[in-house]
Structure formats: structure tokens, C-alpha cells
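User: Pick one part of this model and walk me through it closely, with enough context to place it. Keep it informal, but give me the cut-offs.

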Amino acid sequence: MSVTTFAGWTRGFEAEIEHRRAQGEPDWAGGASLARPLARSLQRFQVGEDGDGANLIRKADEAGDRDYAAAVRLFVAEEQNHARLLSLLLGAGGMPTIAAHWSDSVFVRLRRLLGLRLELLVLMIAEVVALRYYRAVSEGTGDPLVSEVAARILADERRHVPFHCLRLREALGALPGVLRVLVMTGWRLLLLGATVVVAWDHGPALRHLGMPRRRFIADVMRSSTDVVADILGTRPLQPADAAPQRTRSRAAVSPGRAG
């Protein structure tokens, strides 16, 4: 699959739909053990994943690239599936979803301020933070269902980042080199501020997962170096299938479970 064309990305997203069908659902009936700090944190992330993506889709349509617009629709569908998985996970742990959270409201308003380029820059802040968050959840929880759901979402997020990097590389490519560097420097400063807010707001959950706030912030900022390099074109874009091998569903390995 080509990661340098949006037609290639569309094929990749479509392949993921088939992969999810073959993988099957997690074993929701087995339940989940959710500590209250982690449950409250997952509730907030579920709100952030749960949107129709109409604004992003409209801007993608207006950009005039039909392949990109098709890929964006499939990206939005994956994000909606994340919200569904988190909702079912919370339900398996006996916890409800919540209707809204202030952090998501601020984030959405920022994304809608200007055009597609700004929306993607703000969206990338959430994606990069989510990479470290879902990795912490997948590795730090002792519950198999929580770990599996987080690993599934993490695998998707690892593909989403290079997808957005490709579009941002094109969108910023027309700017002078110095201005592109300034834009990405400002982006990293915004990322730092957002990461500090997340580390503060989700601190009890991170502590429960064995992830100190300072380490979480440092890891996010360290990973942003590669993101900036991808957007500025100082290194080849990473392939969309570069993520580690996926965690198999418990349904696929549990004896006696129907396929």
C-alpha cells in the first residue's frame, strides 16, 4: 500500500474494515475491572472520540481531492468505532458514558476556527497525545479486556498520524521554508500546553497505570520530533502498516467461542 497517495490510504482504510470483521468483537460478556480513576479518564476520551466529523468532511470535500475526501470519511468512521469500543468497554465495567467534557468542547472550537490546515494541526495534537495515552492504558492495566480495547485503538492511531502528516506536508509545502518551521515550532508549543493539561486532568488515571505525569509529557514531546520531521519532509513518511503486530481478540483465542 502506498502511503504517499490518498488513493492508497483509502485502500488501506478499506482493508482495515475487513480486518476488523475477521477479527471479531472483544469478549464484552467477560466484563472488565475498571478502577474509578481510569474509568473517569476513559469517559473523557470517549467523548472526544464520539463525533460525526461533519466539519472535517466538509473541509475535505472543499479541498477538491476526491481521494482525500474518501479517505477522510473512512478515518472518521474509525474514530467513531473508537467511541463505540470505549462505550462498550465502560459498559462492561459497569460505568456509563458522559455527554460532554470541557476539554472536548475547547478542542472542537479550536478546530473549527479556520480552514482545513488549522483543523488538521489541532487534530494532530489530539492524535499524538492519544498515542501515548492508549499505549499507557494497554500496557499499564491488569485487565485483559481493557488492554485489548486500548491496543486496538492504538493500532489505528498509529496509522492515523502518518495519514494526517501526508496532508499537512502538502498543505504546508507552498509556504516558505522558514515559515513552515515557525508553524511547526508553534504547533509543538501548543502540543506541550495540551499535554500538560491532559497530564493534569488525567493524572489519577496515569498514576494508576504507573505513568508519572512528567514521563507522560516527556514521551509525548519526544514523539513529536518525528511527527514534525514527517510534516516538514525531512524524512520519508513512515508506512501505514509500521505498527507492531496487532493484539488478537480474546474471542479468537478463547476455547469454545464461536467464530
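Analyst: Among contacts (heavy atoms within 4.5 Å) between residues at least 6 apart in sequence, 81% join residues at least 24 apart. Bear in mind that this is a predicted model, where local features need pLDDT of at least 70, side-chain atom pairs count only at pLDDT 80 or more, and totals for chains, interfaces and linings use all residues. Residues are numbered from 1 along each chain as its sequence is written, and side-chain values use heavy atoms, with hydrogens and water left out.

As for the overall build, you get eleven helices and zero strands (DSSP runs numbered from the N terminus, H or I of at least four residues for helices, E of at least two for strands). Of the 259 residues, 48% are buried, meaning under 20% relative accessible area with a 1.4 Å probe and protein chains only; over 50% is exposed, and in between is partly exposed.

Now the close-up: α8 against α10. Helix α8 covers residues 177–201 and helix α10 residues 213–232; their axes come within 10 Å and cross at roughly 155 degrees (lines fitted to C-alpha atoms over the stretch in contact, with angles from 0 to 180 degrees between N-to-C directions). That angle makes the pair roughly antiparallel, a label for anything over 145 degrees; under 35 is roughly parallel, 65 to 115 roughly perpendicular, and the rest oblique. The α8/α10 crossing is right-handed: the near helix is turned clockwise from the far one by less than a right angle, whereas anticlockwise would be left-handed.

Who's touching whom? On the α8 side, the residues include Met184, Trp187, Leu191, Leu192, Thr195 and Trp200. Across from them, α10 brings in Phe216, Ile217, Val220, Met221, Ser224 and Val228, among others. By class, the α8/α10 contact has 17 nonpolar, three polar and three charged residues (Ala, Val, Leu, Ile, Met, Phe, Trp, Tyr, Cys and Pro are nonpolar, Asp, Glu, Lys and Arg charged, the others, Gly among them, polar).

For contrast, try α2 (residues 36–49) and α4 (residues 66–92), packed at about 150 degrees with axes 8 Å apart. Those two are roughly antiparallel as well, but α2 passes α4 in a left-handed crossing. Their contact divides into seven nonpolar, five polar and two charged residues.

One last stop is α6 (residues 116–140), whose 25 residues should span 36 Å; its end C-alpha atoms sit 35 Å apart, so that agrees (expected span is 1.5 Å times one less than the residue count). Helix α6 is mostly covered, with 19 of its 25 residues buried.
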